[in-house]
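Here are a few exercises to help you find your way around a structure you haven't met before. Try each task by yourself, then follow the solution.

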Amino acid sequence: MEFQTALSLALPLGVGIAAVGSALGLGKAVGAAMEAMGRQPEAAAKIQLGMIIGCALIEALTIYALVTMFVFQARVG
Amino acid sequence: MGPEFVGRVIRTSAWVAPLGALYVAAYYSVGFAAAIVVGTAWACANLYLIKILVEKLIRPGGGRRKDAILLGCVKFPLLYGLGYLALRAEALPVLGLLAGFWLPKAVIVLKSLGMFVGRRSGAAHGSVLGIGLLLLVFGLWLAPQPGGLGADVVAESAAAAEAPVEDDSHAGAGGRASEQHGGHAQAEARAGHEADEHGEAHGEETHGEEGHGEEGGHVELPNLITVLVGLLPESSFTHFLHKWENFIFSLLCVVFLGLIVSAATRHSKLVPGRLQNAIEILVESLDNFICGVLGPQGRRYVPFLGSLFIYILFMNLSGLVPGMKSPTANLNQTLALAVCVFLYVQYTGMRNLGIKGYISHMAGDPRDPITFALVPIMLPLHIIGELAKPLSLSLRLFGNITGEDVLIVIFVTLGIGVIGFLNLPLGVPLQVPFIFLAILTSTIQALVFTLLSTVYFLMMMPHEEH
C-alpha cells in the first residue's frame with residue numbers, strides 16, 4: 001500500500017472519529033444547557049452564552065483534527 | 001508641541017525600532033538589525049539628554065547653570081564615547097547605525113507632517129496620518145520595480161505553471177507540485193521555452209473559477225488580487241500583491257474600521273446621531289462584557305480586548321464579501337494575534353503579581369512541604385499549559401475560518417458543476433445556506449477568542465482561591 005492510499009484512508013477516518021467525539025460532548029453540553037434553561041428561564045441569556053462558549057471549546061479539538069487533515073491533504077495527490 | 005512631544009517621539013521610536021530590527025534580522029542580517037537598535041537607542045538617549053539640558057537652561061526662574069554644565073560634562077564624553085565605540089565595533093555595520101540614528105528624526109518629520117495635515121481633526125490623528133504617509137512612501141518605493149521584489153515570485157509561479165507539463169494527473173494545483181519544482185525553478189525557467197508554451201495552454205484551463213493555493217493545497221475562491229494576477233500574469237507588481245494578499249486584506253480591514261470610527265467620533269454630541277449611537281452601543285456592550293469577567297479593574301484591558309473582538313469579527317466576515325478573502329484563514333494571521341495576546345498576558349502577570357509572584361504562580365503557589373515537593377512537576381506542567389494557550393487560540397480560529405471557507409468553495413463548485421452541461425458562466429447558488437452558517441461561526445469564533453483571552457487575563461490577576 002503506498003503512502004497516498006494510506007493517507008486517503010486515514011485522513012477522513014481521523015476527522016470522522018474526531019467528529020464522533022465532539023458530537024457526544026456537544027450533545028451533553030447542549031442538553032445540560034437546555035435543562036438548566038428549562039429550570040430557570042430568567043437566566044436563559046447567561047446560560048446560552050456559557051453554552052456557546054463551551055461548544056466552541058469542545059469543537060476546537062475536532063478543528064485540530066481538521067487542521068491536521070489540511071496539512072496532509074496536499075500530499076495525498 | 002512642547003517637551004512631551006520629545007517623549008512621544010522617543011516612545012514611538014522605542015517600539016518602531018525593535019519591530020523594524022526584527023524584520024531586518026529575519027530578511028537581511030542580524031548585525032544590521034542590532035546596529036539599527038543601537039543607533040536608535042543612541043539617538044533617543046541624545047534627544048532625551050538634549051531635552052533635559054534645554055529644560056534646565058530655560059526655566060522661568062532663571063536657568064540652573066550649574067546643573068546644565070554638570071549634565072553637559074556627563075553627556076558629551078559619555079554619549080559620544082559610546083557612539084565612537086559603536087562606530088568602531090566591527091559587528092555593527094555603519095549603515096545600520098546611521099539608519100538607527102536617523103529613525104527618530106524620521107519619526108519627528110512624519111509626526112509633524114501628520115499633525116500638519118490633520119490639524120483640523122485634532123492632534124490625535126497626527127500619528128495615524130504620519131504612519132499612513134510612511135506606508136504610502138514605502139509602498140511607492142516597493143511597487144514599480146520590475147526586477148525587484150516581485151521577481152522571485154514570478155519565477156515561482158512560472159515554474160508552477162509549468163508543473164502541469166510534468167504531472168499529468170494534477171493540472172497545475174497544489175503545494176506539492178510547486179514545492180517539488182521550487183527547488184529547480186531556476187533550471188526549468190531557463191531550460192523550457194517550449195515548456196513555457198505548454199504551461200500557458202494548461203494555465204488557461206486552470207485559470208477557471210477557482211484560484212489554486214500555492215501552499216497548503218486547498219483551493220480558495222478568487223478574490224480581487226487573484227483576479228488581478230490572472231489578468232496580468234507577467235507583471236511582478238501583481239505577484240507582489242498576491243504574495244502579500246493576507247496582509248493587504250487585513251490592512252484594508254483596519255483602514256475601513258478606522259474610517260468608520262473616526263467618522264463616528266469626529267464631532268461627538270451629547271445626544272448622539274445614528275452612527276455614533278451604534279458605535280457607542282458596541283463599545284458599551286463590550287465594556288460590560290469584559291468588566292463582567294475581569295471586574296472593575298478590567299477597564300484598562302477593554303481597549304485591547306474590544307479591539308481584538310471587532311478586528312477579528314471584521315476579518316472573518318470579510319471572507320464572505322465577494323471579491324475579498326478573510327485574512328484569518330491563514331495561520332500566520334491568527335498566530336500573530338495569539339502571540340500578541342500571550343505576550344500581553346505574561347506581561348500583565350509579571351506586572352500584577354511581581355516577578356516572584358509570577359514564578360510562584362507558575363510553580364503552583366507552593367506553601368507547605370508537599371506543594372514544594374510537587375514544584376518540579378507543576379512548573380513544567382504550567383509552562384506547557386501557558387505555551388499551549390496561543391497554539392490552541394490560533395489553531396481554533398484558523399481551523400474554523402478555513403473550514404467554513406473550504407465548505408463554501410465546495411458548494412460553489414457543486415453549484416457550478418450542476419449546470420455545467422449548459423456551458424454558461426453561471427452557477428446555482430447552493431452556497432447561500434452555508435454563508436449564513438459562516439456568519440454565525442465567524443461571530444462565535446471572534447467571541448470565543450476574545451473571551452478566552454479575557455479569561456487568561458483573569459487567571460493572571462491576583463485571586464484568592466487557588
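**Exercise 1. Get a feel for the two chains.**

Task: Work out what share of the contacts in chain B between residues at least 6 apart in sequence join residues at least 24 apart, then look at the make-up of both chains.

Solution: Keep in mind that this is a predicted model.
- Step 1: in chain B, 60% of the contacts between residues at least 6 apart in sequence join residues at least 24 apart.
- Step 2: run the count for chain A, and the figure is 81%.
- Step 3: go through the secondary structure. Chain B has 18 helices and 0 strands, while chain A comes to 2 helices and 0 strands.
- Step 4: check burial. Of the 466 residues in chain B, 28% are buried; for the 77 residues of chain A, the share is 10%.

**Exercise 2. Two helices in chain A.**

Task: Find out how helix 1 and helix 2 of chain A are oriented to each other.

Solution:
- Step 1: take the geometry. Helix 1 (residues 3-39) of chain A packs against helix 2 of chain A at an angle of about 175°, and their axes are 9 Å apart.
- Step 2: apply the cut-off. Angles over 145 degrees count as roughly antiparallel, so helix 1 and helix 2 of chain A are roughly antiparallel to each other.
- Step 3: sort the residues of this contact by class, and you get 21 nonpolar, 6 polar and 1 charged.

**Exercise 3. Buried, partly exposed or exposed?**

Task: Place A:Ile58 and B:Leu19 in the right burial class.

Solution:
- Step 1: locate them. A:Ile58 sits in helix 2 of chain A, and B:Leu19 is in helix 1 (residues 3-27) of chain B.
- Step 2: recall the cut-offs. A residue is buried with 20 or more other C-beta atoms within 10 Å, exposed with 12 or fewer, and partly exposed in between.
- Step 3: count. A:Ile58 has 19 other C-beta atoms within 10 Å, so A:Ile58 is partly exposed. B:Leu19 has 9, so B:Leu19 is exposed.
- Step 4: look around A:Ile58. Not counting residues up to four places away in sequence, A:Ile58 touches A:Ser22, A:Gly25, A:Leu26 and A:Ala29. Going by C-alpha atoms, A:Ile58 and A:Leu24 are 9.9 Å apart in space and 34 residues apart in sequence.
- Step 5: do likewise for B:Leu19. The C-alpha atoms of B:Leu19 and B:Val37 are separated by 9.6 Å, with their positions 18 residues apart along the chain.

**Exercise 4. A helix pair in chain B.**

Task: Describe how helix 15 and helix 17 of chain B meet.

Solution:
- Step 1: the axes of helix 15 (residues 331-362) and helix 17 (residues 375-418) of chain B come within 8 Å and cross at roughly 155°.
- Step 2: these two helices of chain B, 15 and 17, are therefore roughly antiparallel to each other, and helix 15 of chain B passes helix 17 of chain B in a right-handed crossing.
- Step 3: find the touching residues. Helix 15 of chain B supplies, among others, B:Leu335, B:Ala338 and B:Phe342, and helix 17 of chain B supplies residues including B:Pro390, B:Leu393 and B:Leu397.
- Step 4: the residues of this contact divide into 13 nonpolar, 3 polar and 1 charged.

**Exercise 5. Into the core.**

Task: Which element gives the most to the largest nonpolar core?

Solution:
- Step 1: the largest nonpolar core has 37 residues, and B:Leu393 is one of those that touch the most other members.
- Step 2: list the elements giving two or more residues. They include helix 2 (44-73) of chain A as well as helix 15, helix 17 and helix 18 (432-459) of chain B.
- Step 3: helix 14 of chain B gives the most to this core, with 8 residues.
- Step 4: zoom in on B:Leu393. Leaving aside neighbours within four places in sequence, B:Leu393 is in contact with B:Ala338, B:Val341, B:Phe449 and B:Leu452.

**Exercise 6. Where the chains touch.**

Task: How many residues of chain B are in contact with chain A?

Solution:
- Step 1: 19 residues of chain B are in contact with 13 residues of chain A.
- Step 2: on the chain B side, helix 17 of chain B gives the most, with 8 residues.
- Step 3: by class, the chain B side has 5 nonpolar, 12 polar and 2 charged residues.

Technical notes: Residues numbered from 1 in each chain as written. Chains lettered and ligands numbered in written order. Predicted model: local features only at pLDDT ≥ 70, side-chain atom pairs only at ≥ 80, totals over all residues. Axes fitted to C-alpha atoms, helices over the stretch in contact; angles between N-to-C directions. Helix = DSSP H or I, 4+ residues; strand = E, 2+ residues; numbered from the N terminus. Parallel < 35°, antiparallel > 145°, perpendicular 65-115°, else oblique. Left-handed = near helix turned anticlockwise from the far one by under 90°. Contact = placed C-beta atoms within 7 Å. Nonpolar A, V, L, I, M, F, W, Y, C, P; charged D, E, K, R; others polar. Core = buried A, V, L, I, M, F, W, Y, C linked by C-beta atoms within 7 Å.
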